[in-house]
Number of protein chains: 2
Amino acid sequence: MAHYNLALIGFGNVGQAFARLLLRKKDMLSQEFGLTFTVTGIATGRHGAAIDPQGLDLEKALQIAQAGSSLDALSPQPAPRGGVDFIRRCPADVLFENSPVNHHTGQPAIDHLQAALEAGMHAITANKGPVVHGFKRLQEAAKKSGKRFMFESTVMDGAPIFSLFRETLPSAELIGFRGILNSCTNLILTRMETGESFDQSVAYAQSIGIAETDPSADVDGWDAAIKVAALSTVLMSAPLTPQEVDRQGIRNLTPQMLDEARRQGKRWKLVCSAQRNGKQIAGRVAPEMVPPDSPFYSINGTSSYVQFETDVLPGLGIVESDPGPETTAFGLLADFLNAVK
Amino acid sequence: MAHYNLALIGFGNVGQAFARLLLRKKDMLSQEFGLTFTVTGIATGRHGAAIDPQGLDLEKALQIAQAGSSLDALSPQPAPRGGVDFIRRCPADVLFENSPVNHHTGQPAIDHLQAALEAGMHAITANKGPVVHGFKRLQEAAKKSGKRFMFESTVMDGAPIFSLFRETLPSAELIGFRGILNSCTNLILTRMETGESFDQSVAYAQSIGIAETDPSADVDGWDAAIKVAALSTVLMSAPLTPQEVDRQGIRNLTPQMLDEARRQGKRWKLVCSAQRNGKQIAGRVAPEMVPPDSPFYSINGTSSYVQFETDVLPGLGIVESDPGPETTAFGLLADFLNAVK
């Protein structure tokens, strides 16, 4: 039986869903994977931090988080509130980094993940920033420490995308991809098709926690561009930046345009794509009108889709329906199990 | 650099596509996987057999097959024509079994694969019969010999289905699936939607090599039922037989019914499914009318689709578009690379 100490940075929706998933799968992990675990530390931005080498009570941590109280109460000694100090002090084999995304720099998540790798931990994240802004640096740190940097949950939540190529498509070469990768804009377009205005749709997306208070990162296509950059950086060995992606959001789609599409039996979708052209990769985010014969047509609400063109499989598509924090949490668990197997 | 001797049973469309893929990927396999190979034997039902411990000339074997001549000419000594004798005589590390499918017994492929495992080879097949009729026996033989029994190409050609669960979804529990898994009936329905009769559509499917001379295994839903049985046997630990699948083919779908669906903006699809209900698994193959909002609607021609419901991801779908012998060949290569990695 192998035992792992786990440290968590970030204990919001995803961090809590991951904690619940760990508790639910505990018996299965020991029976089928010969693996036990203890959470030795949790650090949050606003709700305190706790480190206990003997293991924190995860049920209690969840209750405290639900109540909006501080995790400080669980810590025998005061725990560092700063991420890197926390990582250096927390005795752990794996760090799960789920701090808020910084689209422009990937920080402080990159520093957290690097500190974890340098401290001999596997570094796992659901945060896109470090993949786009720190991939090379973190891959090198992982190689140096003999540990893994993994990030399955950064694109399409817990649906297997990176592990699909890594584990199931050996020797395949990715030529290009097309997909619907931003849940928020897809939900907004689906709501607008029912007659809601843009503002009403954004307000709805905000009310269910899909859109931020400032929705521009989604609406202007930045989140989609970051995902295009992440996929091309990792899967096409082409370190595209989000700024290099030809990007157009959904602000110019009027209710009249959506009506006209409906009259033609079509739908508008925010389509993400990248295509290899010699040594160049052209990345693009732009609205497209799609007919019912397109696999994009049936991807509605918060669902997402990507289709890959490779040298060995002309068309391989992945659909994720009804995602939530639980599906993102599963991506973290899958990374953990693949890192230690 | 690791070297592998490969033996091939069956050298039809899939076997030849696999040989071409091996030749095309040769340099990449040595550079990126540190792996070289020699094909030491090929046995066919009608075009002879050849064994050469020094390695057969694969280009020449392809030319002979294209010309419809006998492979005997390549063999320094006469090679056994019978499968099991061939396997015992051929010095190989991996057997690729691509003899024609026997839907009712899985033979002689089961005996071939078992003989290969007993001779210390990995046993890889694109043939569904052994998965449905010999899974337990072959798994046990693989365990005993410390080798692998692999069969990615048996469902949805080379699209990753079995490796998806094995490699990318650790700890996930499969609750049920729904899919379009038989290319032939899907192509027939797509053709009938354009106004062709059932017989015309079958004739077209036969002309491009998708339907057999006797199309009943496809048309009556047997091939679909076998795939339902294969998926539930392997992924749900529920050894369902094709006979236990509640099965209905497409013979009763009239042009009038397809017309009526079209008037409603819908399509008929032959839907395969299985659902866990306590310890029972209910498997089913039956035509369903699907609307454009269903992901099934855009799966046309020879494309296929399956969506999985698991305890951790509520909806994960896999689309395969434009398959051919090359995609099946890739599944064989992926199994090989995963078996020896």
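Reader: Hi! How many salt bridges are there between chain B and chain A?
Author: Hi! The count between chain B and chain A is 10 salt bridges, where a salt bridge is a side-chain nitrogen of Lys or Arg within 4 Å of a carboxyl oxygen of Asp or Glu. Bear in mind that this is a predicted model, in which local features need pLDDT of at least 70, side-chain atom pairs count only at pLDDT 80 or more, and totals for chains, interfaces and linings use all residues. Residues are numbered from 1 along each chain as its sequence is written, chains are lettered from A and ligands numbered from 1 in the order in which they are written, and side-chain values use heavy atoms, with hydrogens and water left out.

Reader: Thanks! Which side chain of chain A does B:Lys25 meet in a salt bridge?
Author: That of A:Asp311, with 2.6 Å from N to O.

Reader: And how many residue pairs are in polar contact across the interface?
Author: The rule finds 18 such pairs between chain B and chain A, both residues at pLDDT 80 or more. A polar contact is a pair of N or O atoms within 3.5 Å; within protein, one must be able to donate a hydrogen and the other to accept it, and residues adjacent in sequence count only if both atoms are side-chain atoms.

Reader: Which parts of chain B supply the side that touches chain A?
Author: Helix 1 (13-33), helix 6 (162-168), strand 12 (315-321) and helix 12 (325-340) of chain B each supply at least two residues. Helices (H or I, at least four residues) and strands (E, at least two) are DSSP runs, numbered from the N terminus.

Reader: What area is buried between the chains?
Author: About 3500 Å², with carbon and sulfur atoms giving 61% of it. Buried area is the accessible area (1.4 Å probe) that two parts lose on being put together, summed over both. The contact takes 47 residues from chain B and 47 residues from chain A, contact meaning heavy atoms within 4.5 Å.

Reader: New topic: what rotation superposes chain B on chain A?
Author: A rotation of 180°, with 0.0 Å of shift along its axis and an RMSD of 0.0 Å. Copies are superposed by least squares on the C-alpha atoms of residues with pLDDT of at least 70 in both. That is the relation of a two-fold axis. In chain B, the C-alpha nearest the axis belongs to B:Ile318, 2.5 Å from it. Both copies use the same surface, as 100% of the contact residues of chain B recur in chain A.

Reader: Cool. In what order do the six strands of the open sheet in chain A come?
Author: The order is 3-2-1-4-5-6, with mixed pairing; two strands pair if DSSP finds at least two bridges between them. Strand 3 (49-51) and strand 6 (149-150) of chain A stand at the edges with a single partner strand each, so one side of each has no neighbour in the sheet.

Reader: Which helix packs on that sheet, touching strand 1, strand 2 and strand 4?
Author: Helix 1 (residues 13-33) of chain A does, and its direction makes about 160° with that of strand 2 of chain A. Axes are lines fitted to C-alpha atoms, for helices over the stretch in contact, and angles run from 0 to 180 degrees between N-to-C directions.

Reader: Last one: how do strand 9 and strand 10 of chain B pair?
Author: In the antiparallel sense, over 11 bridges. The bridge partner of B:Cys272 is B:Val285 in strand 10. Their hairpin has two residues between the strands, and B:Gly278 takes a positive phi near 65° there.
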